[in-house]
Amino acid sequence: MSAPDPRAELVSLLPRLRRFAFGLTGDAHVADDLVQAGCLKAIERWHQWQPGTSLASWMFRILQTTWLDDYRSRQRQQTEADSEALEAIAGEDGRRVVEARSDARVVRRVIAELPEEQRVVLMMITVDGLSYKEAAEALGVPMGTVMSRLARARARLADAIGGEGS
Amino acid sequence: MRIDDDTLVAYLDAQLGSDAEYEAVEDALAASPALRARLQSLAESGELARKAFDAKLEEAVPPQLIAAIMNAPLPQADTGWAGRQPVSAGGANDVEDAAAGAAPRPATPAPSAPGAQSGATARPAAAGLGARLAAWLGQGFGGAAAFASILTLALGALIGHYLLPPPEAGAPLARQGEPIRNAALAVALQAAPSGLAVDLGDARVEIMASFTGRDGRICREYALSGPASGHEIGIACRDGAAETGWRLAFVAHEPTTAATEGGYGTASDRLHEAVDAFLSEHVDGEPLDAERERTLIERGWSAD
């Protein structure tokens, strides 16, 4: 069987790529720009992808490096604005905070506040469902590093949002 | 043994290395209410993170994004896909000439909306794909058929195989008037510019031309070919009631003949004549130009 068109393969991954990029960038429009740039880059370098390995992992890696190289500096101010919004919410009265706990926007703000290396593994593993091994391979770091980054991300999220139970 | 967050999270994610490690965690949990509480809040944190991004997965993918990817040129690398499969080489080209000459116009209005049954509630990645296709098409395109066909696309398997177990000559893959159910074909109709051949593994689909019909509906002619699927030329028209947004107005099919066995070959004159007859009966006017077509793709084929 001949190989399928890379473009069709990438299109079939778009929902997952958009979700990952949204978590990475914290902004829906920037995320779509990033996904487009990442997919075009992937098509140019398609020969570097090894058939049989996870295309999603490879794409997550491309999105992350593209974000680091080309986009992130432009987004710093946005991130600072988000963190102020988070502080404002955290300062509200207890009842409203409890109501807001399950609010997806609040969770996303907390995630946006995580150090990037933690945010990336959280999006890859907890949100997208990659295994630790796949994430470690995609990021080129040892499994133990993935494990501790993920645990720190989950702990921060638990401490920031979960009140009772801890 | 001290159980830290790393271990608890790996326990929750079923990523510990050995049975002994699971037993150690479970013994510690049994002995410590505080550890159980910690496990609970770490579990909640994962659930919240997933839920916070769930909606993104179901959201319709912007057609411009799909179009930008489908329009990207493939590199002429000496390894990998492009080297083995020249994009526009091969059999379908002379069909395009014929189709472009006979300016189109569509066809039979299609009746009843098919009930989009949605059954795919299972979590696993594969089951989610059907729902994801629904998301990018922005329609209720769910259920087993969607699930099967998106898998076909994802695995690069033969779309013709899914569409038609080739019987005798002239038997259509889907009947005229039916909605387009094949995910790969639906995506090509939705996002590919005319003239682009999308290789799907063992078959290739090429969108030949787009045109507006007498009834004002927009239609696209496609050619599908592959060693096992044979040749098919179809005309699909926009229909909001169809699950994928496209309904088949006309189709002509012929199986692969001995002469074209093992290759992509070309459709026979007879097939072209059938399409030309349909077009001349239902169409007068020019195909949409590339710019207009691009605008429509970016708009997701919605009216102005």
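## A walk through a predicted two-chain model

Let's start in chain B, at strand β5(B), which is mostly covered, with nine of its nine residues buried. Please keep in mind along the way that this is a predicted model.

Strand β5 spans residues 246-254 of chain B, and its partner is β4(B); the two run antiparallel and are joined by eight bridges. Two residue pairs help to place this register on your screen. B:Gly234 faces B:Val251 in β5(B), and B:Ile233 sits opposite B:Ala252 in β5(B). Strand β4, made of residues 230-238 of chain B, is also mostly covered, as nine of its nine residues are buried.

Which strand pairs with β4(B) over eight bridges, besides β5(B)? That is strand β3 of chain B, residues 218-226, and here too the sense is antiparallel. B:Ala223 stands across from B:Ile233 in β4(B), so you can follow a short path by eye. Begin at B:Ala223, step to B:Ile233, and go on from B:Ile233 to B:Ala252 in β5(B). The connection from β3(B) to β4(B) is a hairpin of three residues. As you look at side chains here, remember that in a regular strand they alternate between the two faces of the sheet.

Now step back to chain B as a whole. Its elements comprise twelve helices and five strands. Chain B has 304 residues, of which 46% count as buried. If we take its contacts between residues at least 6 apart in sequence, 66% of them link residues at least 24 apart.

How confident is the predictor, and where should you tread with care? For chain B the average pLDDT is 67, and 61% of the residues reach at least 70. Residues 77-173 of chain B stay under 50 throughout, although the model has 234 contacts beyond four places in sequence for that stretch. Where pLDDT is low, the predicted coordinates should not be read in detail. For the complex, the predictor reports an ipTM of 0.82 together with a pTM of 0.60.

Chain A has another make-up: eight helices and zero strands, running α-α-α-α-α-α-α-α from the N terminus. Of its 166 residues, 45% count as buried. Among contacts in chain A with a separation of 6 or more, 68% come from residues 24 or more positions apart.

One pair of helices in chain A deserves a visit. Helix α6 (residues 116-127) and helix α7 (residues 132-139) of chain A pack at about 145°, and their axes lie 10 Å apart. The α6(A) and α7(A) crossing is right-handed. Where they touch, α6(A) supplies A:Val121, A:Met124 and A:Ile125, while α7(A) supplies A:Tyr132, A:Ala135 and A:Ala138. Sorted by class, this contact of α6(A) with α7(A) consists of six nonpolar residues, with no polar and no charged ones.

Helix α7 of chain A also holds A:Lys133. Is A:Lys133 buried or exposed? It is exposed, because just 12 other C-beta atoms lie within 10 Å of its own, and a residue with 12 or fewer is called exposed. Between the C-alpha atoms of A:Lys133 and A:Met147 the separation is 9.7 Å, with their positions 14 residues apart along the chain.

Our last stop brings the two chains together. A:Ala155 belongs to helix α8 of chain A, residues 143-161. This residue is buried, because 21 other C-beta atoms lie within 10 Å, and the cut-off for burial is 20 or more. Which residues does A:Ala155 touch, once its neighbours within four places in sequence are left aside? The contacts are with B:Asp5 and B:Leu42.

B:Asp5 leads us into helix α1 of chain B, residues 5-12, where B:Asp5, B:Leu8, B:Val9, B:Ala10 and B:Tyr11 are buried. The buried residues of α1(B) pack against α8 of chain A, and also against α2 (19-31) and α3 (33-58) of chain B. Just past the end of α1(B), B:Ala14 adopts a positive phi of about 55°.

Methods: Residues are numbered from 1 along each chain as its sequence is written. Chains are lettered from A and ligands numbered from 1 in the order in which they are written. This is a predicted model: local features need pLDDT of at least 70, side-chain atom pairs count only at pLDDT 80 or more; totals for chains, interfaces and linings use all residues. Helices (H or I, at least four residues) and strands (E, at least two) are DSSP runs, numbered from the N terminus. Two residues are in contact if their C-beta atoms, placed from the backbone, lie within 7 Å. pLDDT is the predictor's confidence in each residue, from 0 to 100. Axes are lines fitted to C-alpha atoms, for helices over the stretch in contact, and angles run from 0 to 180 degrees between N-to-C directions. A crossing is left-handed if the near helix is turned anticlockwise from the far one by less than a right angle, and right-handed if clockwise. Ala, Val, Leu, Ile, Met, Phe, Trp, Tyr, Cys and Pro count as nonpolar, Asp, Glu, Lys and Arg as charged, and the others, Gly among them, as polar. Two strands pair if DSSP finds at least two bridges between them.
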